[in-house]
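The following exercises ask the reader to work through pockets, salt bridges, aromatic pairs and local backbone features. Each task is followed by a solution in steps.

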Amino acid sequence: MCGRVVQAMTWQEIFETLQYPPSQPQLDLSPVAPLRPRFNVYPQGPIAFLSPADDDLAAGVAPWGWRPHWATDGRLPSNARSEKVAHSNYWRALWPHRRLIPVNGWFEWTKSGKERLPWYIHRRDGRPTLCAAIGQVHQPELQQGDGVVIITADSLGGMVDVHDRRPIAFTPERAREWLDPATPRERAEEMLLEGEPPEVFEWFRVSQDVNDARHQGAHLIERVA
């Protein structure tokens, strides 16, 4: 997890889901570039995220994937395992920099013979999923080596039948706490055990067009027999 995600919502929908800020229901998003609906966001491609910024939040787009400058194995991971992210030397520089990646849902694959069968996983209530993330991001302009990654944990319940990993998804309250610079790192590590349960989500087979990252469009998240 997770190999591809869907980001087909607006910034307004994201902030309304996040219930941020609670005292200002009509947020001024005029300085933020509109989100272009993307139904097949792939690793190393651009992905939308949120960052803490003083007493506010900053919205932006950065490459999905990161590695430390000293890594020589050529990998560019798009996900970080919750079991290692707070203590691994690999993620040491990134762990203090908490982000949030909102998605409509994500894709996983099972095998049937030689075929790769894609599944779409999303919230039953249709709201965006608020994924725990970390990232190195320079603003207002990105620099070489910038990127964000989604934090994953072991799958639970029936979701295991589709894939053994899942993104850590937060409730709006937990998501705001995660982004709050005042939240201690120790508390942030505890929060990785507080993701939303599998009962919140549903999953179903979708078109194999998803297998080609060049394919886009709402048909990619339509249920197939």
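The model examined here is predicted.

**Exercise 1. Classify the exposure of arginine 127 and of its salt-bridge partner, aspartate 125.**

Step 1. Arginine 127 has a relative accessible area of 33%, and therefore it is partly exposed.

Step 2. The partner, aspartate 125, has 42% relative accessibility, so this residue too counts as partly exposed.

Step 3. In the salt bridge between aspartate 125 and arginine 127, the closest N and O atoms are 3.6 Å apart.

**Exercise 2. Describe the salt bridge between arginine 81 and glutamate 83, with the exposure of each side chain's residue.**

Step 1. The N to O distance between the side chains of arginine 81 and glutamate 83 is 3.9 Å. A salt bridge requires a nitrogen of Lys or Arg within 4 Å of a carboxyl oxygen of Asp or Glu, so the pair qualifies.

Step 2. Arginine 81 is at 40% relative accessibility and counts as partly exposed.

Step 3. Glutamate 83 is at 42% and is likewise assigned to the partly exposed class.

**Exercise 3. Determine which parts of the chain are joined by the salt bridge of arginine 223 and glutamate 202.**

Step 1. The closest N and O atoms of arginine 223 and glutamate 202 lie 4.0 Å apart.

Step 2. Arginine 223 belongs to the segment after S13, whereas glutamate 202 is in strand S13; the two are 21 residues apart, and the pair links distant parts of the chain.

Step 3. Arginine 223 has a relative accessible area of 56%; since exposed means over 50%, this residue is exposed. Glutamate 202, at 22%, counts as partly exposed.

Step 4. Other salt bridges share partners, joining Arg174, Glu177, Arg187, Glu190 and Glu194 into one network. In total, the structure holds 14 salt bridges.

**Exercise 4. Characterise the largest pocket by volume, central residues and class of lining.**

Step 1. The volume of the largest pocket is about 200 Å³.

Step 2. Its lining comprises 14 residues, of which Trp66, Arg67, Pro68, His69 and Gly145 are the closest to the centre.

Step 3. Sorted by class, the lining of the largest pocket contains 6 nonpolar, 5 polar and 3 charged residues.

**Exercise 5. Which elements each supply at least two residues of the lining of the second largest pocket, and what classes of residue are found there?**

Step 1. The second largest pocket holds about 170 Å³ of space.

Step 2. Among its lining residues are Leu18, Tyr20, Pro52, Asp54 and Arg176.

Step 3. The elements that each supply at least two lining residues are strand S4 (56–63) and helix H2 (172–179). The largest share, 3 residues, comes from H2.

Step 4. By class, the lining of the second largest pocket has 6 nonpolar and 6 charged residues, with no polar ones.

**Exercise 6. Locate the buried residues of H2, then describe the ring pair that includes tryptophan 178.**

Step 1. Pro172, Ala175, Trp178 and Leu179 are the buried residues to consider in H2. Because they cover an arc of only 120 degrees around the axis, they are on the same side of H2.

Step 2. A ring pair is described by two quantities, the distance of the centres and the angle of the planes.

Step 3. The structure holds 8 aromatic pairs. For phenylalanine 170 and tryptophan 178, the ring centres are 5.5 Å apart and the planes stand at 50 degrees, so the pair is tilted.

Step 4. Both phenylalanine 170 and tryptophan 178 are buried.

Step 5. Elsewhere, a cluster linked by ring pairs consists of Trp66, Trp70, Tyr90 and Trp91.

**Exercise 7. Examine the backbone and the surroundings of glutamine 44.**

Step 1. Glutamine 44 is not a glycine, yet its phi is positive, at about 75 degrees.

Step 2. The residue is found in the loop between strand S2 (38–41) and strand S3 (46–53).

Step 3. With a relative accessible area of 55%, glutamine 44 is exposed.

**Exercise 8. Place alanine 218 in the chain and relate it to asparagine 40.**

Step 1. Alanine 218 is in the segment after strand S13 (201–205).

Step 2. Although alanine 218 and asparagine 40 are 178 residues apart along the chain, their C-alpha atoms are separated by 9.6 Å.

Step 3. Alanine 218 has 41% relative accessibility and therefore counts as partly exposed.

Conventions:
Residues are numbered from 1 along each chain as its sequence is written. This is a predicted model: local features need pLDDT of at least 70, side-chain atom pairs count only at pLDDT 80 or more; totals for chains, interfaces and linings use all residues. Side-chain values use heavy atoms; hydrogens and water are left out. Helices (H or I, at least four residues) and strands (E, at least two) are DSSP runs, numbered from the N terminus. Buried means under 20% relative accessible area, exposed over 50%, partly exposed in between (1.4 Å probe, protein chains only). On a 1 Å grid over the protein atoms alone, a cavity is a set of points where a 1.4 Å probe fits but cannot get out, and a pocket is an open set with protein on both sides within 12 Å along at least five of seven lines; lining residues have an atom within 4 Å of a point. Grid points are joined across faces, edges and corners, and a volume is the space filled by probe spheres set on the points. Ala, Val, Leu, Ile, Met, Phe, Trp, Tyr, Cys and Pro count as nonpolar, Asp, Glu, Lys and Arg as charged, and the others, Gly among them, as polar. The arc is that of the directions from the helix axis to the C-beta atoms. Rings of Phe, Tyr and Trp (its six-membered ring) pair if their centres lie within 6.5 Å; planes under 30 degrees apart count as stacked, over 60 as edge-to-face and the rest as tilted.
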